[in-house]
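This note sets out points for a reader who is meeting the structure for the first time. The DNA strands are taken up before the packing of helices.

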Number of protein chains: 4
Amino acid sequence: MQPKPGRPARTFTEVARRAQIVECAADVIAETGYARASMAAIARRAGIAKSVISYHFADKNDLMQELIRTTIAAYTQFLEPRLAAEPSAGGKIRAYLDGSAQHMAARTNMHLALLEIAFNAAGPDGRPLLASIPLDAHTPALEQIMRHGQQAGELRNFDIEVMAGLLRSAVTHTMVLALRANPAIDLAGYASELATAFHLATSAQITNSQ
Amino acid sequence: MQPKPGRPARTFTEVARRAQIVECAADVIAETGYARASMAAIARRAGIAKSVISYHFADKNDLMQELIRTTIAAYTQFLEPRLAAEPSAGGKIRAYLDGSAQHMAARTNMHLALLEIAFNAAGPDGRPLLASIPLDAHTPALEQIMRHGQQAGELRNFDIEVMAGLLRSAVTHTMVLALRANPAIDLAGYASELATAFHLATSAQITNSQ
Amino acid sequence: MQPKPGRPARTFTEVARRAQIVECAADVIAETGYARASMAAIARRAGIAKSVISYHFADKNDLMQELIRTTIAAYTQFLEPRLAAEPSAGGKIRAYLDGSAQHMAARTNMHLALLEIAFNAAGPDGRPLLASIPLDAHTPALEQIMRHGQQAGELRNFDIEVMAGLLRSAVTHTMVLALRANPAIDLAGYASELATAFHLATSAQITNSQ
Amino acid sequence: MQPKPGRPARTFTEVARRAQIVECAADVIAETGYARASMAAIARRAGIAKSVISYHFADKNDLMQELIRTTIAAYTQFLEPRLAAEPSAGGKIRAYLDGSAQHMAARTNMHLALLEIAFNAAGPDGRPLLASIPLDAHTPALEQIMRHGQQAGELRNFDIEVMAGLLRSAVTHTMVLALRANPAIDLAGYASELATAFHLATSAQITNSQ
DNA sequence: AATGAATGAGATTTCATTCAT
DNA sequence: AATGAATGAAATCTCATTCAT
């Protein structure tokens, strides 16, 4: 965790400024959409000059990547112990849904911004910006959890890629969009409903006697 | 000799050009993302002058709305008979997943473009463009289907809003994004996996004897 | 008045179309201002295709010049006999004001359009379009009338250029603008007031004993 | 340490740039007409990039309004003390004509531009831009002056609206257009001629004995 | 005689970025 | 560390004009 040689340590002021800018960027993006979140708008919200952003970030891309990094780091740090505390795959899945809901409630704008950026921002090559972030950093290794659950006989024999994709979408799309549509929504209840659905969809040991 | 008043009577040429432009717009959006899909880029792809687009569409908004209208119309016309043919709620849900997969395979770029527009495009007021299209035209009335299924005792007593949201996300996000990530994906199999998951998650009459 | 060789005679239809287009141009210009009077707007008003205008007029300049020519011709033809009927300079000046008011009331839009064009339209060289029309065709030879009046001792010894300029402005600016500001104005009364003012300002031999 | 809220505190540089741009705009408009006075042309004249204008003014409308405000403010500040110094209505009218001529000679392009804008520029609603500036700010309250003169028995009993309109036209149209037609004109003499004419046209108690 | 279709030039405006202070 | 000022590229849209039918 030492500053690598060549990359000078950041002063306290700089760290604070960067955090403030990232926070404001998330707010503006969440409130007005990515397209309207110009550098000028973000600076205005932060009460600073446009060029201050340029001073602290290489370019807009860099700012967006920092926002992504920051959010994902906070998110995973929040989730990790909660998942680790659950021994079973089913418990981990429920913890993933509940924990995500909790974090989303606390950091709504960050998550809304993340979604906007995922769809809108494009790197210089035209490819979406999120692609340049390692995917498994984005969400916990749901695939691995499910694989273990299947091997232990706890989960039925579904296609892991499909189910993990659905579970991720349930959080990063379904839940986020529901929150955007209705900021007063009961997220914990929402997550609980989803947890039940995923329990039914994934558990082995269910006898369907129709 | 006049066309019906209010409906301005499009010539064959105009209809064809409009369709061509909409198609090219979808391609460019799907391939390069909404942000890069400028009028110039669309015109270049179509091999026409920028102003030809202006000649046929009032403005960019108009073009996007036409793309949305066209795609949704084709999509719902494709789905409707398939849903109607299934008597049970479960059948309808499976038909929705299977039919969507089929249509998506055939009109991939249209669906990718729709997703991009949904997230990116904003009308002059800043509100998302998709909001100006009646929502229930976008997808079949999943809520109603589920309600009937619950009343008939076929489906268990889940929260309809949550489950319908998840089902829509499964199609418009999970499946579309999987397709974007891997264009060679087996969509029919993907839909089938999802169908099983939703069957388990929604059916009544399942005895869970753990 | 024979069509000159090389300039083929205009058919009845063509003459009518040209007149219709000129009329519509005047209406649109008068109502929406020169800047908004695009070819498209004029064609729309006339209920014809844009290209019909191009068919009958070389270009927009040509159309504007025709509008100018037409209006000025009608205007002078209307004024000439009225001025000729007055033997005295003072009578001619009053006739100019009264006659202008009459003609303006009858052909309001033409006169409003003329004013708009005078200020807005520019030929290809950038000079105002009205400059390309012989000036003395625009209004009767007020200078000559005043000169005669002075020589006859009827008018006092003012600067002819200044007074003629003021008299023209009184009609082409003061009166027209008053009409534009208030279409229901009593133009005859307005002209009468002006006539009195100019009588006092120009006459020799006035004894004003309140 | 804050500038008064609502008044955004312009730096010296900004004030200078804005003034320069307004000046150049007036020059270009006066020389080439409003229609040709594009942002690009104004920027070219000022030797700056187009976007510098955008940086200092919200849009073209804003620039034009600033030009109008600036010119009218300078004009009225110049006239006011001159009118106030004259006790009689006749004196005020003559001062209005003389003062206008003086100011026009000094700020020719500003006045030419004002005339062009008055006729050409239209706000987003299509109404002329000058309408958005309070009219009585444009020229001194000629009507009030004349009313007082009539009540005092100094002026004869003419229609005030008509005469005030004519007097304004004499300055803002007759004189300005004469100046445009011939930049070397003797404006003071021109104003003097006009003053005599208006004296004769408005005074009570005149005994004209050739 | 008329028209729908197409075009290219040009206008305004937005925006990320750079630079001197 | 911060800022005001400036820039050039690009985007959308309008418009007079041309052409084939």
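1. Sugar and phosphate account for 58% of the atoms of DNA strand E within 4 Å of the protein, and bases account for the rest. The model is a predicted one, and the remarks below should be read accordingly. Around DNA strand E there are 32 residues, of which Thr11(B), Val52(B), His56(B), Val52(C) and Lys60(D) come nearest. By class, this surface has nine nonpolar, 13 polar and ten charged residues.

2. Individual polar contacts with DNA strand E involve both phosphate and base atoms. An N or O atom in the side chain of Arg17(C) is 3.3 Å from a phosphate oxygen of DNA strand E. At Met39(D), a polar backbone atom is 2.8 Å from a phosphate oxygen of the strand. Tyr55(C), in turn, places a polar side-chain atom 3.4 Å from a base nitrogen of DNA strand E. The elements that give two or more residues to the surface near this strand are α3 (50–56) of chain A, α1 (12–32) and α3 (50–56) of chain B, α3 (50–56) of chain C and α3 (50–56) of chain D. The largest share, five residues, comes from α3(C).

3. DNA strand F may be described under the same headings. Of its atoms within 4 Å of the protein, 61% belong to sugar or phosphate, and the rest belong to bases. The residues around DNA strand F number 33, and Val52(A), Lys60(C), Thr11(D), Ser51(D) and Val52(D) come nearest. The surface near DNA strand F divides into ten nonpolar, 13 polar and ten charged residues.

4. Which element gives the most to the surface near DNA strand F? It is α3(A), with five residues. At least two residues each are supplied by α3 of chain A, α3 of chain B, α3 of chain C, and α1 (12–32) and α3 of chain D. Ser51(A) has a side-chain N or O atom 2.8 Å from a base oxygen of DNA strand F. A polar side-chain atom of Thr11(A) lies 3.3 Å from a phosphate oxygen of this strand, and a polar backbone atom of Glu14(D) is 3.4 Å from a phosphate oxygen of DNA strand F.

5. The next points concern helix packing. Two packed helices are described by the angle between their axes and the distance between the axes. In chain A, the axes of helix α5 (residues 89–106) and helix α10 (residues 187–202) come within 9 Å and cross at roughly 160°. The pair is therefore roughly antiparallel, α5(A) against α10(A), and the crossing is right-handed. On the α5(A) side the contact residues are Ile93(A), Arg94(A), Leu97(A), Asp98(A), Ala101(A), Met104(A) and Ala105(A), which meet Leu187(A), Ala191(A), Ser192(A), Leu194(A), Ala195(A), Thr196(A) and Phe198(A) in α10(A). This contact has ten nonpolar, two polar and two charged residues.

6. In chain B, helix α9 (residues 160–181) and helix α10 (residues 187–202) have axes that come within 11 Å and cross at roughly 160°. That angle makes α9(B) roughly antiparallel to α10(B), and α9(B) passes α10(B) in a right-handed crossing. Residues of α9(B) in the contact include Met163(B), Leu166(B), Leu167(B) and Ala170(B), while those of α10(B) include Leu187(B), Tyr190(B), Ala191(B) and Leu194(B). How many nonpolar, polar and charged residues does the contact of α9(B) with α10(B) have? There are 13 nonpolar and two polar residues, and no charged ones.

7. Helix α9(B) also packs against helix α8 (residues 142–151) of chain B, at an angle of about 130° and with the axes 9 Å apart. At that angle, α8(B) is oblique to α9(B), and the crossing of the two is right-handed. From α8(B) the contact draws on Leu142(B), Glu143(B), Met146(B), Arg147(B) and Gln150(B), and from α9(B) on Ile160(B), Met163(B), Ala164(B), Leu167(B) and Arg168(B). These residues divide into six nonpolar, one polar and three charged. Met163(B) and Leu167(B) are thus named in the contact with α8(B) and also in the contact with α10(B).

Note on methods
Residues numbered from 1 in each chain as written. Chains lettered and ligands numbered in written order. Predicted model: local features only at pLDDT ≥ 70, side-chain atom pairs only at ≥ 80, totals over all residues. Heavy atoms only, no water. Near = heavy atom within 4 Å. Polar contact = N/O pair within 3.5 Å; in protein donor to acceptor, adjacent residues only side chain to side chain. Helix = DSSP H or I, 4+ residues; strand = E, 2+ residues; numbered from the N terminus. Nonpolar A, V, L, I, M, F, W, Y, C, P; charged D, E, K, R; others polar. Axes fitted to C-alpha atoms, helices over the stretch in contact; angles between N-to-C directions. Parallel < 35°, antiparallel > 145°, perpendicular 65-115°, else oblique. Left-handed = near helix turned anticlockwise from the far one by under 90°. Contact = heavy atoms within 4.5 Å.
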